Structure formats: structure tokens, C-alpha cells
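Subject: Structure handover

Hello,

Here is the structure I promised to pass on. Please open it first, then read my notes beside it.

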Amino acid sequence: DSRSYIAVDGIEIAHFRDLADTFVPAGVFVTGTAHHIALRHLDVHDIRTATADAHGIAVYGTSGDTAIHDVTIDANSVHDNHLGSSESVVVNGNVRGWAITHNHIWRNDNIGIDAIGFEGKAPRNDQARDGYIADNLITDIDSLGNPAYDEEGGGNCRCADGERLRTARLHHLLVARKLALHELRCAPHDLAVEAHDFLRAARR
């Protein structure tokens with residue numbers, strides 16, 4: 001919470017579970033007003049919730065005045081997580097100046113990468129912005145069997161509000177890509193999508 005100038009590199013984070021839905025398990029959780037955070041070469045797996053929320057890697061900017069900034073999420077493996085209604089990798093709330101690159105995200109039961117806002121994480125400036133998503137490999141994302149969605153199938157690779165997306169390989173997804181307004185007041189800005197390779201975007 002609100003730590004800065006930290007690099008975490010090359011470790012395994014696994015088997016963190018809350019099957020009673022009493023808290024939000026996350027492999028890595030960056031919150032508050034942190035800055036200059038680098039997460040690289042992590043192996044994040046078997047993070048589980050029963051029916052609520054869990055994350056592989058989460059960055060939540062919770063201050064209305066001071067953004068989390070200069071965050072790098074690079075070359076990580078995030079896989080085999082049971083996430084409920086939350087995401088494999090997410091930046092949410094007051095976060096700016098971030099990059100999500102070269103990650104392999106697979107076999108999770110909810111969204112692969114999410115850059116989002118207006119969920120009440122910060123009292124003001126509640127939107128991840130000025131970010132960059134590139135060169136990620138995202139496979140086998142499907143909410144089939146996820147009790148948070150009544151075990152109905154569906155799999156989003158990314159939800160994006162206001163960042164650049166480039167050069168991702170996506171396959172074995174029910175829904176390959178979702179660029180959406182999560183709230184009517186949340187208008188994407190500075191958004192570009194280019195050079196994406198969609199492979200077998202359908203239920204197996």
C-alpha cells in the first residue's frame with residue numbers, strides 16, 4: 001500500500017485462496033499512491049475465490065488526488081486462477097502511466113487484462129489512463145463453470161478504457177476482445193487498437 005521504487009522479479013506466487021468469500025485474494029495487489037513499481041517474470045497461479053472476487057495481479061489507485069504511476073507489468077505468467085467476477089490482470093481507479101507487456105495469461109475463468117474505472121475505487125479521477133498494452137499472449141479464457149456468472153460460458157480478453165493496445169496474440173477465447181464503456185460517464189480517450197492477431201476466437 002503506497003510503496004514506491006520496488007521491483008519484484010522472478011518469483012512464484014501461488015495457492016492463495018478464500019473459499020469463504022471473506023476477502024479478495026490476489027497474487028500481487030498494489031494500492032494507494034504507489035509509484036515506480038516493476039513486476040516482472042512472476043509466475044502467478046492458483047489464486048482462488050469461491051463466488052466473489054480474486055485477482056492474479058491488481059493495481060488499484062485509491063487516492064482521489066495522487067495517482068499511482070509508473071507501473072510496469074512485464075513478462076509474467078498468470079494462469080489457472082479462479083477469479084469470480086474479477087480479472088486476471090487489472091489496473092483500476094486513479095492510475096496513470098502504466099504498461100502491461102509481454103505477459104502470458106491463460107486458463108483463467110474471467111477477463112484476461114482489464115483497464116477500468118468508475119467503480120468507486122477512488123473518490124476522484126477514478127479511471128486508469130495513459131497506459132499501454134502490447135505484445136501479450138492471452139489464451140483459454142472462459143467463464144464456463146464460474147459460479148459468479150451462474151457457470152455460464154464467456155471469456156473476455158481485455159476491457160479497455162483510454163489506453164493504447166498493440167500486438168497481442170489471442171486464442172481459445174469465447175469473446176476475443178472487448179473495448180467497452182463500463183459506465184456511460186466513462187468515455188475512452190487516447191485509445192488506439194492496431195496489429196492484433198486473433199486465433200480461434202471460439203469455444204473449444
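A word you will need throughout is "strand": a DSSP run of E with at least two residues, numbered from the N terminus. V8, for example, lies in strand 1. Please keep in mind that this is a predicted model.

**Overall make-up**

The protein chain has 19 strands and zero helices. It has 204 residues, and 50% of them count as buried. Now take the contacts between residues at least 6 apart in sequence. Of these, 80% join residues at least 24 apart.

**How strands pair**

Start with strand 1. It pairs with strand 4 in the parallel sense, over five bridges. One bridge to look at joins A7 to its partner A38 in strand 4.

Now move on to strand 7, residues 68–74. Strand 4 pairs with strand 7 too, again in the parallel sense and over five bridges. Here L39 stands opposite I73 in strand 7.

Strand 3 has a partner as well. It pairs with strand 6, residues 55–61, in the parallel sense over six bridges. T31 stands opposite Y60 in strand 6.

How enclosed is strand 3 by the rest of the structure? Six of its seven residues are buried, so strand 3 is largely enclosed.

**The largest pocket**

The largest pocket has a volume of about 160 Å³. Its lining is made of 13 residues. I6, V28, F29, V30 and I37 lie nearest the centre.

Which strands each supply at least two residues of this lining? They are strand 1 (4–9), strand 3 (26–32) and strand 4 (35–40). Strand 3 gives the largest share, with four residues. By type, the lining divides into nine nonpolar, two polar and two charged residues.

**The nonpolar core**

In soluble globular proteins, nonpolar side chains tend to be buried together. Here the largest nonpolar core has 29 residues. Which of them touch the most other members? I57, V59, I73, V89, W98 and I100 do.

Try selecting V59. Leave aside its neighbours within four places in sequence. V59 is then in contact with V30, I68, V71, I73, V90, V91, N92 and V95. Two of those names have come up already. V30 is among the residues nearest the centre of the largest pocket, and I73 stands opposite L39.

**Two residues with positive phi**

Most residues other than glycine have a negative phi. Two residues to check against that are D46 and R107.

D46 is not a glycine, yet its phi is positive, at about 55°. D46 is found in strand 5, residues 43–49. Is D46 buried or exposed? It counts as buried, because its relative accessibility is 13% and the cut-off for buried is under 20%.

R107 is not a glycine either, and has a positive phi of about 50°. R107 is found in strand 11, residues 104–108. With a relative accessible area of 46%, R107 is partly exposed.

**Three more places to look**

Go back to V8 in strand 1. V8 is partly exposed, at 27% relative accessible area. Not counting residues up to four places away in sequence, V8 touches A38, L39, R40 and L42. V8 and L42 are 34 residues apart along the chain, but their C-alpha atoms are separated by 7.9 Å.

Next, find S77 in strand 8, residues 77–79. S77 is partly exposed, with a relative accessible area of 23%. Which residues does S77 contact, leaving aside neighbours within four places in sequence? They are L42, D43, V44, H104 and W106. The C-alpha atoms of S77 and E12 are separated by 9.4 Å, although their places lie 65 residues apart along the chain.

Last comes D135. It lies in the loop between strand 13 (129–134) and strand 14 (137–141). D135 is partly exposed, with a relative accessible area of 26%. Its C-alpha atom is separated from that of T101 by 5.6 Å, and the two residues are 34 apart along the chain.

That is the tour. Over to you.

Best wishes

Notes
Residues numbered from 1 in each chain as written. Predicted model: local features only at pLDDT ≥ 70, side-chain atom pairs only at ≥ 80, totals over all residues. Heavy atoms only, no water. 1 Å grid on protein atoms, 1.4 Å probe; cavity = no way out; pocket = protein on both sides within 12 Å on 5 of 7 lines; lining within 4 Å. Points joined across faces, edges and corners; volume = space filled by probe spheres on them. Nonpolar A, V, L, I, M, F, W, Y, C, P; charged D, E, K, R; others polar. Pairing = 2+ DSSP bridges. Buried < 20%, exposed > 50% of the residue type's maximum accessible area, 1.4 Å probe, protein only. Core = buried A, V, L, I, M, F, W, Y, C linked by side-chain atoms within 4.5 Å. Contact = heavy atoms within 4.5 Å.
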